[in-house]
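Biologist: Hello! I am new to this structure, so could you take one loop and look at it closely with me, then follow the chain outward from there?

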Amino acid sequence: MVAPTIPRVNEPKLIQQISSTLDFKRFLDNCFKQYGDIYFSKSFGNSEFLTVSHPEDLKVLFSSTYKVMEAPGAANRMFEPQLGENSVIIQDGERHQKQRKLMMPPLHGEGMLAYGEQICELTKQTVSAIEPGQSFVGRHLTEEITMKIILRVVFGIDEGQRFDELKTLMSAWQNMTGSPLSAMLLLFPALQKDWGSWSPWGKYLRLRQKIYDIILLEIAERREQNLGKRSDILSLMMSATYDDGQPMTDLELRDNLLTLLNAGHETTATALAWALYWMHSQPKVKQKVITELKTADPSDPTSFYQLPYLTAVCQETLRIYPGVMFTFPRQIVKPVNLRGYQVAADTYVTPCIYLTHRREDLYPNATEFRPERFLERKYSAYEFWPFGAGSRQCLGQVFALFEMKLILATLLLNHQFQLEETKPVVPARRGFLMSPKGGVKMRLVV
Ligand code: HEM
């Protein structure tokens, strides 16, 4: 029997790139409707990518038994301006695995639990700057909280002039690529021209240099200190060595710190802004969360982590708009058959998280926010997978869920908020993320 042909998006490359940049959700929904759950598209980069989202295909592709797919660092070059050429995201092979191992401990287990009280404290401190009756943008609040937390986890401190400066610079830098139109700067290398400090790319590079200077100064100062007692990621990375006994260079340290600041801050802030939106647009859900939170032990913030309904709310938030729509690109290394479709070696693949999460066969009425679905059935690692899979699976996934639950618990137990949106909030591209358009307008009641 002849294998069926995999469909190709039937539009010129430039049109695909522009429409996916301006309205990613619509582009993906249309492709799914027209071509189904496996198709070739040219919506980013120079290559053609195979978009896959069927759980059965994902299981075959990510299987460690068949080893049909790799996660080459070179395929992530488009992230280089944001993260630097030494970032873990751009490495592969042994160096990639080793860097992951060095960064992991503070983001898991005991290392992570130690941050529980600080997460609650930093949340209280940040929200206290809002007056009762004052309106605010949900995403701005959650960004401020997650930025303080990631600075504390990564550098071990969150106070002082240097960190205020870094916080301000990072926000300004990320805002430069925050709208669908300005995101083009990152997505189209042809626009990356430095024509002085007034040109968009010139401004982008100059802001980045200021951030680099601060990080390198911090590294230089830390070299003078005794790192033995410190448990933050910077100190751990500075103390660790590769198998050949060499430590990470300053530039490797700098790029990986920036990677963690980038990857660990806006992603979680976006998910939290969505969670606030969904809970306040469905008061019954919010009430159920608050009732459950009251059963936990407030003196032990980690007790919030185990609550089943709060967990389901976080899962449903990450399902419906997963924040990160795709995993990093992958490459097929040996021919593979996906439900009858023959895929050749060397094909580039973009596994799409968003499309899996919108499948009606897995999630009936998929556009509806209904946390109960996660209490009614268990989803496999390829049916619900907001953090990707395989060798590049999100390094911060456990930490992100821990952080989300503790921040939401602290906000809801201590305050009352009101939604100030008059229409349903829709997603909009923010850099590489699927963020709530307008950031979710809210008001602090008390
Ligand atoms: C709700 C929040 C978050 C979401 C939805 C998210 C999602 C993702 C996704 C989809 C990937 C790509 C996985 C793949 O290609 O298979 C990824 C990778 C990554 N994430 Fe996250 N992430 C979040 C929070 C965090 C946090 C808090 C950190 C660190 C503090 C972090 C650090 C990373 C790193 C370093 C990678 C690259 C791993 C590698 O290349 O080996 N993320 N994340």
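Modeller: Gladly! Helices (H or I, at least four residues) and strands (E, at least two) are DSSP runs, numbered from the N terminus. This is a predicted model in which local features need pLDDT of at least 70 and side-chain atom pairs pLDDT 80 or more, while totals for chains, interfaces and linings use all residues. Residues are numbered from 1 along each chain as its sequence is written, and side-chain values use heavy atoms, without hydrogens or water.

Let us start in the loop between helix H16 (353-357) and H17, where Asn365 lies. Although Asn365 is not a glycine, its phi is positive, about 50°. With a relative accessible area of 48%, Asn365 is partly exposed (buried is under 20%, exposed over 50%, partly exposed in between; 1.4 Å probe, protein chains only). There is another residue of this kind elsewhere: Lys67 is not a glycine, yet its phi is positive, near 50°. Lys67 sits in the loop between helix H3 (55-62) and strand E3 (69-70), and at 55% relative accessible area Lys67 is exposed.

Now let us move along to the next loop, which runs between helix H17 (373-376) and helix H18 (397-414) and holds Cys394. Through its SG atom, at 2.3 Å, Cys394 is the only protein donor of the iron atom of the ligand. Donors here are N, O and S atoms within 2.8 Å of the metal (3.2 Å for Na, K and Ca); water is absent, so sites may look incomplete.

From here we can cross to another helix. The C-alpha atoms of Gly396 and Ala263 are separated by 8.4 Å, although these residues are 133 residues apart along the chain. Ala263 belongs to helix H13, and its relative accessibility of 40% makes Ala263 partly exposed.

Helix H13 (250-281) and helix H12 (233-239) are among the elements that cover the buried residues of H5. Within H5 (residues 93-103), the buried residues are His96, Lys98, Gln99, Arg100, Leu102 and Met103. Let us pause at Lys98, a buried residue with 18% relative accessible area. Setting aside neighbours within four places in sequence, Lys98 is in contact (heavy atoms within 4.5 Å) with Thr241, Tyr242 and Asp243.

One more stop is helix H2 (residues 24-35), which includes Phe27. Phe27 is buried, at 7% relative accessibility. Beyond its neighbours within four places in sequence, Phe27 is in contact with Glu11, Gln16, Ser19, Ser20 and Ser43. Between the C-alpha atoms of Phe27 and Thr327, 300 residues apart along the chain, the separation is 17 Å.

Finally, let us step back to the whole chain. There are 18 helices and twelve strands. The C-alpha trace spans about 65 × 55 × 45 Å along its principal axes. Of the 446 residues, 55% count as buried. Among contacts with a separation of 6 or more, 71% come from residues 24 or more positions apart.
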